[in-house]
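Biologist: I am new to reading protein models. Could you walk me through this one, feature by feature?

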Amino acid sequence: MVGTEAPMLVITEGQLVGQRWPVDQEILVIGRSETCDLVLPERQISRQHARLKREADGYYIEDLGSKNGTFVNGQPLTPFVPQRLKDGDEIALALCVRMRFVSAEVTLPLESAPIPSLLPGLFIDRAARRVWVNGREVNPPLSPAQFRALERLALARGAVVSRDELIAYIWPEEDPRGITEQALDALIRRLRERLAQADPNRDYILTIRGHGFRLADVSLHLKGQPEG
């Protein structure tokens, strides 16, 4: 059994999503072939797609001339040119498998607490008022009103939240009669834009005409209680 000092690869998208591989050897070959150290079953993955190599100054990833490419934080790698990895880097293989590189210093807490940068979907830290979308933190942070809107939708766990409920939660000190539907719509529109900056590939907030709003069907993680 590998000790907790080993770095890890954590699959965040693909057929093996959620699985973790300790990087406890000098060279780790990734690909579709059964001879690889880390076998990925997707057809788009080359038989020998990429490899990780341990050097004196850290770990490097190298594309092995794959057909569909290897990407680090969205940037394609030049085949056979190693790139040094840092903690939290996202590795995409053929854009069908995504994984996070977790350095040795961060692997220890994995067993006791979730790490936002490793989780798909939405991670909302209510006490700290921080939000991650598919492992990417929304930065700069949401405004207080934007955060409360997202928090209320998250607490509903996919159920529809009416406009009146949202207004009362977002602006608890205000007379709801003074908050127009246009003000709420503008807030939701801006919130959608902020989430899209972290993940432009989907809409996380759905409008239910005549009823209100709800979160899309995504993986959702809520941490802690709000301050106050």
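**Reading strands, sheets and a cavity**

Modeller: Gladly! Let us begin with a single pair: F123 has W132 as its bridge partner in strand 13. Keep in mind that this is a predicted model.

Biologist: What holds paired strands together in a sheet?

Modeller: Strands of a sheet pair through backbone hydrogen bonds, and the pairing is either parallel or antiparallel. Here, strand 12 (residues 122-125) and strand 13 (residues 130-133) are antiparallel partners, with four bridges between them. Another of the pairs across these strands is I124 with V131.

Biologist: How many residues lie between strand 12 and strand 13 in their hairpin?

Modeller: There are four, and R129 in that turn has a positive phi of about 55°. The chain then makes another hairpin, from strand 13 to strand 14, with two residues between the strands. In that one, N134 has a positive phi near 50°. Strand 13 and strand 14 (residues 136-137) are antiparallel and joined by two bridges, and V133 sits opposite R136.

Biologist: In which sense do strand 12 and strand 18 pair, parallel or antiparallel?

Modeller: Parallel: strand 12 and strand 18 (residues 220-223) share four bridges. I124 takes part here too, with L222 as its bridge partner in strand 18.

Biologist: Which way do the side chains of a strand point?

Modeller: In a regular strand they alternate between the two faces of the sheet. In strand 12, L122 and I124 point one way, F123 and D125 point the other way, and all are buried.

Biologist: Where can I practise reading the order of strands in a sheet?

Modeller: Try the open sheet of three strands with the order 15-17-16, where the pairing is antiparallel. Strand 15 (161-162) and strand 16 (205-208) are at the edges with a single partner strand each, so one side of each has no neighbour in the sheet. Two bridges connect strand 15 with strand 17 (residues 212-215), and V161 is paired with F213 in strand 17.

Modeller: Helices accompany this sheet. Helix 4 (residues 181-198) packs on it and touches strand 16 and strand 17, its direction making about 150° with that of strand 16. Helix 2 (residues 144-155) lies across strand 15, strand 16 and strand 17, at about 75° to strand 17.

Biologist: Is L28 buried or exposed?

Modeller: A residue counts as buried when its relative accessible area is under 20%. L28 has a value of 2%, so L28 is buried. This residue belongs to strand 3 (residues 27-31). Leaving out residues up to four places away in sequence, L28 touches L9, P22, D37, L38, A50, R51 and L52. As for K53, its C-alpha is 6.5 Å from that of L28, although the two are 25 residues apart in sequence.

Biologist: How many cavities of 30 Å³ or more does a search of the whole structure find?

Modeller: The search finds one. The largest cavity holds about 30 Å³ of space. Its lining is R129, R130, V131, E137, V138, P141, L142 and F147; by class, that is five nonpolar, no polar and three charged residues. You have already met R129, in the turn between strand 12 and strand 13.

Biologist: What does the overall count of helices and strands look like?

Modeller: The protein has four helices and 18 strands. Of its 228 residues, 44% count as buried. Among contacts with a separation of 6 or more, 45% come from residues 24 or more positions apart.

Note on methods. Residues numbered from 1 in each chain as written. Predicted model: local features only at pLDDT ≥ 70, side-chain atom pairs only at ≥ 80, totals over all residues. Heavy atoms only, no water. Pairing = 2+ DSSP bridges. Contact = heavy atoms within 4.5 Å. Axes fitted to C-alpha atoms, helices over the stretch in contact; angles between N-to-C directions. Buried < 20%, exposed > 50% of the residue type's maximum accessible area, 1.4 Å probe, protein only. 1 Å grid on protein atoms, 1.4 Å probe; cavity = no way out; pocket = protein on both sides within 12 Å on 5 of 7 lines; lining within 4 Å. Points joined across faces, edges and corners; volume = space filled by probe spheres on them. Nonpolar A, V, L, I, M, F, W, Y, C, P; charged D, E, K, R; others polar.
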